[in-house]
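Open the model in your viewer and set it to cartoon, with side chains hidden until they are called for. The stops below say what to select and what is found there.

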Amino acid sequence: MPVSADSGFSVEFERRVESGLRKCGVDLSSGIQSCGVAVSGGADSVSLLMSMAALSLRYGFRLYVITVNHFIRPDDETVTDAEFVSGLCGRLSAAGFDVLCSVRNLGRGEVSAEAAGRGHGVEEAARFLRYREFSRFAEENGLPFLATAHNSGDQLETILMRFLQGASLDGASGIRRRRGIFVRPLIGIQRSDIERYLNIKGILWRTDSTNSDTSYLRNRIRHELVPFLDSSFPGWRTSVVNGAEKLRADSDFLNALVPELPPVQPDGSVVLDADSFSALDFPVARRLLLKACNRVSSDQRISDAFVSDVVCSAGNKTRGFDKYAGKVRISLKNGNLYVRKYSERLTDLCFSAIIRESGVYGFPGCEICVDGVPGGTSVEITCGEKTAVVRTDFPFRIRNFRTDDRILAADGKMRRIADIFADWHIPPEMRPMIPLVQELSSPEQNIISILGSAAGFSDWTVKSV
């Protein structure tokens with residue numbers, strides 16, 4: 001009996017997933033007894049689950065599925081997602097597939113608390129906690145690897161996002177097929193093929209409502225930049241992926257030049273000889289320092305700007321320094337560079353002033369010039385080398401950042417300023433130095449400008465209030 005086009009596509013899709021696993025270093029024919037899969041309920045992860053289930057019948061391994069409930073969306077959405085994944089696994093098990101499912105519930109408010117502590121926004125904190133649960137799950141069940149469902153679209157979005165953020169060579173090369181136990185067998189498969197596979201199988205999937213929220217940089221790239229590139233630059237997808245692969249090869253070469261770290265000291269610090277460190281080429285020194293930071297505080301995301309600043313400062317060995325990036329402290333003294341986890345609480349920097357007239361005002365780390373006429377509709381605020389036209393009248397307030405601050409975005413939605421700082425890659429220790437402009441003439445007293453130019457970053461000014 002001839003094989004239908006739909007059946008042939010399904011078989012070919014599953015072969016592509018198996019091929020993707022081989023490219024990640026996983027050979028299912030080698031007698032692997034168990035495989036892990038992370039499933040959120042979206043089309044990508046559901047297609048990964050279904051194709052891995054089909055492969056499990058062929059090769060005889062048990063499939064361990066994990067889904068994580070972050071509790072950062074309404075319960076009727078996030079709880080239902082977890083129930084959907086659990087139900088789908090139950091149906092597979094009843095149909096004869098060897099599938100076990102685990103639902104991991106984070107504590108309510110845990111993501112927000114982690115975001116406040118890490119200083120890189122809710123999305124980054126959710127990812128950190130999610131992968132923490134993945135790692136625990138894999139260890140508990142003795143899994144040789146755990147597959148996640150990043151596809152070719154995710155790869156392109158990540159490359160574009162990191163390029164726009166000025167990422168390092170490592171970041172600009174995109175998502176790696178394998179990192180530790182985590183493998184991405186769908187990284188070469190398009191979303192259209194994923195949805196076609198599920199439609200042929202008659203399998204539904206869940207849609208995350210936040211995927212359409214363009215206040216997030218990734219979503220703006222997905223819904224605005226990618227369609228523009230598709231319509232204006234045919235063939236850009238292949239070019240970008242090929243370029244990223246070349247960057248990854250260069251990055252791997254540089255990483256191979258990084259010296260081994262010395263043993264961790266009894267106090268938990270890593271000590272580097274300043275002379276030897278300064279003699280390294282800049283790209284190698286950056287990688288060595290980042291490696292040391294990760295060794296002393298693996299849960300702390302360190303910005304490229306901070307690492308580059310330390311590398312440059314270390315070249316002047318006649319002047320010692322102490323620099324902080326969240327939980328990491330780096331000191332130069334007595335000819336050594338000390339990298340250690342910093343557990344003490346830094347004194348909170350707070351400033352606030354009501355501006356009633358034009359003039360020059362001093363704030364921590366910057367001087368701000370205000371030029372306007374009382375009773376007018378706008379004032380000019382010059383900070384650093386930039387001048388922002390802010391739609392407000394006297395009096396108004398200039399103060400620094402608070403964790404719950406929000407500002408109006410161009411799409412009419414309110415965005416968390418903490419997320420904007422994360423998108424701009426402003427290190428946590430610098431965020432209290434960024435002045436905010438708060439209007440006082442309305443009951444809401446909204447934030448209407450972020451003067452990022454005070455620290456060499458962008459400004460964000462609401463066009464109308």
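Select Q445 and show its side chain. In this predicted model, Q445 is partly exposed, with a relative accessible area of 32%. Q445 sits in the loop that runs between β19 (436–439) and β20 (447–451). Its phi is positive, about 50°, although Q445 is not a glycine. Most residues other than glycine have a negative phi, and most peptide bonds are trans.

Now go to N334, in the loop between β9 (328–333) and β10 (336–341). Is N334 buried or exposed? N334 is exposed, at a relative accessible area of 71%. N334 too has a positive phi, of about 55°, without being a glycine.

The next stop is a peptide bond. Select F394 and P395: the bond joining them is cis, with omega about -10°. P395 belongs to the loop between β15 and β16 (396–399).

From that loop, step back to β15 and colour the sheet it belongs to. Four strands, in the order β12-β13-β14-β15, make an open sheet with antiparallel pairing. Its edge strands are β12 (359–363) and β15 (386–390), each of which pairs on one side only. From one strand to the next, the twist averages 25°. Strands of a sheet pair through backbone hydrogen bonds, either parallel or antiparallel. For a closer view, select β14 (residues 379–383) with β15: the two run antiparallel and are joined by 5 bridges. Within this pair, E380 stands opposite V389 of β15.

Move to the other sheet on this tour. Here 6 strands form an open sheet in the order β3-β2-β1-β4-β6-β5, and the pairing is mixed. Which strands stand at the edges? They are β3 (99–105) and β5 (178–179); each has a single partner strand, so one side of each is left without a neighbour in the sheet. At the β5 end, β5 and β6 pair in the antiparallel sense over 2 bridges. Select R178 to find its bridge partner in β6, V183. Then add helix α5 (residues 121–140), which packs on the sheet and touches β1 (34–38), β2 (62–69), β3, β4 (146–147) and β6. The direction of α5 makes about 150° with that of β2.

Next, select helix α1 (residues 5–23). This helix has 19 residues and reaches 27 Å from its first C-alpha to its last, close to the 27 Å expected at 1.5 Å a residue. Show the buried residues of α1: F9, S10, F13, E14, V17, E18, G20 and L21. An α-helix has 3.6 residues a turn, so residues three or four places apart point the same way. The buried residues of α1 pack against α2 (43–59), β6 (182–183) and α8 (191–201). Just after α1, G25 takes a positive phi of about 90°.

Keep α1 on screen and add α2. The two helices pack at an angle of about 85°, with their axes 9 Å apart. Angles of 65 to 115 degrees count as roughly perpendicular, and α1 and α2 are therefore roughly perpendicular to each other. To see the contact itself, show F13, E14, V17, E18 and L21 in α1, which meet S47, L48, S51, M52, A54, L55, R58 and Y59 in α2. By class, this contact of α1 with α2 has 8 nonpolar, 2 polar and 3 charged residues.

Definitions and conventions. Residues are numbered from 1 along each chain as its sequence is written. This is a predicted model: local features need pLDDT of at least 70, side-chain atom pairs count only at pLDDT 80 or more; totals for chains, interfaces and linings use all residues. Side-chain values use heavy atoms; hydrogens and water are left out. Two strands pair if DSSP finds at least two bridges between them. Axes are lines fitted to C-alpha atoms, for helices over the stretch in contact, and angles run from 0 to 180 degrees between N-to-C directions. The expected span of a helix is 1.5 Å times one less than its number of residues. Buried means under 20% relative accessible area, exposed over 50%, partly exposed in between (1.4 Å probe, protein chains only). Contact means heavy atoms within 4.5 Å. Angles under 35 degrees count as roughly parallel, over 145 as roughly antiparallel, 65 to 115 as roughly perpendicular and the rest as oblique. Ala, Val, Leu, Ile, Met, Phe, Trp, Tyr, Cys and Pro count as nonpolar, Asp, Glu, Lys and Arg as charged, and the others, Gly among them, as polar.
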